[in-house]
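Me: I'm new to this structure and would like a close look at a single part. Could you walk me through some of its aromatic rings?

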Amino acid sequence: MLHIKNGIVIDPKNGIDAEKMDIFVKNGKIVEESEVKGDVKVIDASNKLVVAGGFDMHAHIAGSKINVGREMRPEEMRTVRLVAGKFRASIGRVLLTSPAIGYEYAKMGYTSAFEAAQPPVGALHTHEELDAIPMIDKAALPVFGNWHFVLKYVAEKNWEKLRTFIAWAIERTKGFGVKVVNPGGVEAWMYGGNCKSLDDEVPGFGVTPREIITALIQETENLNLSHSVHLHCNNLGTPGNYETTIESMKLASKFSNDRRQVLHVTHVQFNAYSGSSWRDVGSGAAEIAKYVNSVDNITIDMGQPIFGHATAMTGDAPFQFTLHKLTGARWSNKDSEIEGGAGIVPIGYLPKNPIHALQWAIGLELGLLVDSDKVVLSTDYPNGGPFTEYPYIMAMLMSRKMREKELERVSPYVQKATGLAAIDREKTLFEVIQMTRSLPARVMGLDSKGHLGFGADADIAIYNFDPLTVDVTNDFETVYKVFKTSAYTIKGGEIIAMNGELVKEVWGRTFWVDATSKVEMEAIESDLDEMFSKYYSLERQNYGVEESWIKKPERLVMG
Amino acid sequence: MLILKPKFDFEISVEAEITPALALATDEEISNYQVYYGKDKAKLSDLFEISREGDDAKLLLDGDFSKVKWIGARMDEGEIVVKGDIGDHCGAYMTGGKIVVEGNALDWIGAEMKGGEIEVNGNVRNYVGCAYWGNMTGMTGGKITVKGNAGNYIGEKMGGGEIEIMGDTGDFVGTEMKDGTIVIHGNCGFVGGDMKGGTIKIKGNFELVPGFRKVEDGFEGDVNAGGKGKVLQL
Ligand SMILES: [Zn+2]
């Protein structure tokens, strides 16, 4: 039992903005004072900020992509963070080993991180890796947008089969929701092509990205899954692509859900370029922000680049090839049977490079211009850079002064190609806490996360920082430093890190979503048998992950 | 001058990032200087007999140092003399000063060095002056001279400076080389794959990869990498 005393609490979901109050913890949950009696550990949080543990809803922390990244980038694996002892050895510069991922999140006050693209056939590998990440709660989103079953059922307009298949696939992969990466485009890549517009036809199936996205939203909503469709748009990384992004968002307009968005569009920075070539490329962030702010069924995350090393790794195999041709950097291509593909390319973001500076500015524009209950803070780790630099993004969003200082060191191209310099908006601390805690929890549909109300998971971060006295707009250096390492990180009621040092190793849960009771499997049985015998390299009976194989599974039954 | 002698035959690797600057430290600092014996931390005095002669910035390594890695890494001035053999990564990243190895050297000698001089009287193994795996550029300055033979991968991704091998070398000389000079007085295997710039001069026999074309004074390539590197007969 814990009694966190006299802290200054910011808890956006419960409308608490910098109020001095006490928080009580029992059995891993936040409880009322009356429930805590006897042997209680008191934490003095006087003059300290108390918030829910951070929630990274979109990062690449497990599965075949990050592992291939580690293999092909030995230079990333030379930074020693922790020598083995009480804790496991942890290494990595931006690409971290599995223990390092958990440890670095914990040190920063983050307590949940979700893998945003799980190749379904690689589900077992993904879960083995998630099981090697200590400290945090986890989940994985399998990718659907190029899976032959999906393309076939969309072509046949057989919604019952599509819906049944989604429930089957999420159960088999022990996944959390429906991720869609460049729908149709990765299948086209199998023949050397791509789907750059929503109306490009997918070779061999006669369907379009427009139809795939619409159908997947429709059936995800019919199943009323915890999380909405999570979309990596078509035409990523191309000048002029912001229009494709807005068009994709409009596909959600006929759907609604009173609990959450019906479409989450991810790492939007990579899909927010105006212009017609890399010579006249500019920012489409303002137009995207205008659209997202005007509707209440879309959320996004930033995909903010951080200057320095990064590794591009996405299920968007054709884009990764384009990036490789553009930069000349190493390239690895992955094929996941009839489900899709992926690619990996090292990248470094340089402040003086006009394109990199433009990407950096667009990410910030999105973070500033989109309402704080619709944009989640992310780097799309490790695509935009390390998650350990989230405090940089937080500080930048809150301080125009810091942005002015940073603008001096970046390519002047951003001045003419983006509106960043003219934005005087400064997000408040309340909003930044919302963008890193309560909003990602709501986007994922997890009521017990991202807040400090009674019944919430006791995932808590305490920072050496008094929001009542520190001026976040002027004292940005303090803000950056303070959010880098928490004074206390509490996971499920246990203190796991203090002042940037690990205290205790704990193993978080792996959430997965079970919607199988909402469908009749009979509808797709014979299709499954046929597709597995014809096209897969493994037998149907060997496909998937059993719950008992996962270290700490948490099954969420969709009612 | 600081003199180090191994106290016993090392069974496993010692990692000791020692530079001539250590000779200027106090006796206590030298004795307690942290190194690794395998995965365990050790004091310099646990593994070596330490003595001094004069007070100049010079190291004399007396005995078999073939299991000792990272000697002279990142050094910027002063001198190191190795009386016997030296282990991996000797002189890696160095920017100045001089290392003389009287015996043989193992892998990665002068890797990514920027300046200074390395002389080896015996043979060296692989990766002389190379880039570490995954990095873009190998040695960019200074000179490495080997009186004996060398193994494979000499000057991979080299961006400047000079490597001179008096004997023979193996395959993959100057792979992805960008600038600088490699001189080989003996024979060698494949030369210049994906070479972009710089010069390789060879006295003995060698094999060119197919991406080179004959020019007036020798060969130019690798055309597959759009390169303008030169391979010349000495
Ligand atoms: Zn991503």
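Is B:Phe48 buried or exposed, and at what relative accessibility?

Reply: Happy to help! Please keep in mind that this is a predicted model. B:Phe48 counts as buried, because its relative accessibility is 1%.

Let's look at the company this ring keeps. Over all chains, the structure holds 42 aromatic pairs. One of them joins B:Phe48 to B:Phe10: the ring centres are 5.4 Å apart and the planes stand at 75°, so this pair is edge-to-face. B:Phe48 belongs to strand β5 (residues 48-52) of chain B, whereas B:Phe10 sits in the loop between β1 (2-6) and β2 (14-15) of chain B, so the pair ties together parts that are 38 residues apart in sequence. B:Phe10 has a relative accessibility of 9%, so it counts as buried.

Chain B also offers a pair with another arrangement. The rings of B:Trp108 and B:Tyr127 have planes at 15° and centres 4.2 Å apart, so they are stacked. Here B:Trp108 comes from the loop between β9 (98-101) and β10 (117-120), and B:Tyr127 from the loop between β10 and β11 (143-146), so parts 19 residues apart in sequence are tied together. B:Trp108 counts as buried at 8% relative accessibility, and B:Tyr127 counts as buried at 15%.

A ring can have a charged neighbour too. In chain B, the charged end of B:Lys214 sits over the ring of B:Phe219, 5.2 Å from its centre.

Terms used:
Residues are numbered from 1 along each chain as its sequence is written. Chains are lettered from A and ligands numbered from 1 in the order in which they are written. This is a predicted model: local features need pLDDT of at least 70, side-chain atom pairs count only at pLDDT 80 or more; totals for chains, interfaces and linings use all residues. Side-chain values use heavy atoms; hydrogens and water are left out. Rings of Phe, Tyr and Trp (its six-membered ring) pair if their centres lie within 6.5 Å; planes under 30 degrees apart count as stacked, over 60 as edge-to-face and the rest as tilted. Helices (H or I, at least four residues) and strands (E, at least two) are DSSP runs, numbered from the N terminus. Buried means under 20% relative accessible area, exposed over 50%, partly exposed in between (1.4 Å probe, protein chains only). A charge sits over a ring if NZ of Lys or CZ of Arg is within 6 Å of the ring centre and within 35 degrees of the ring normal.
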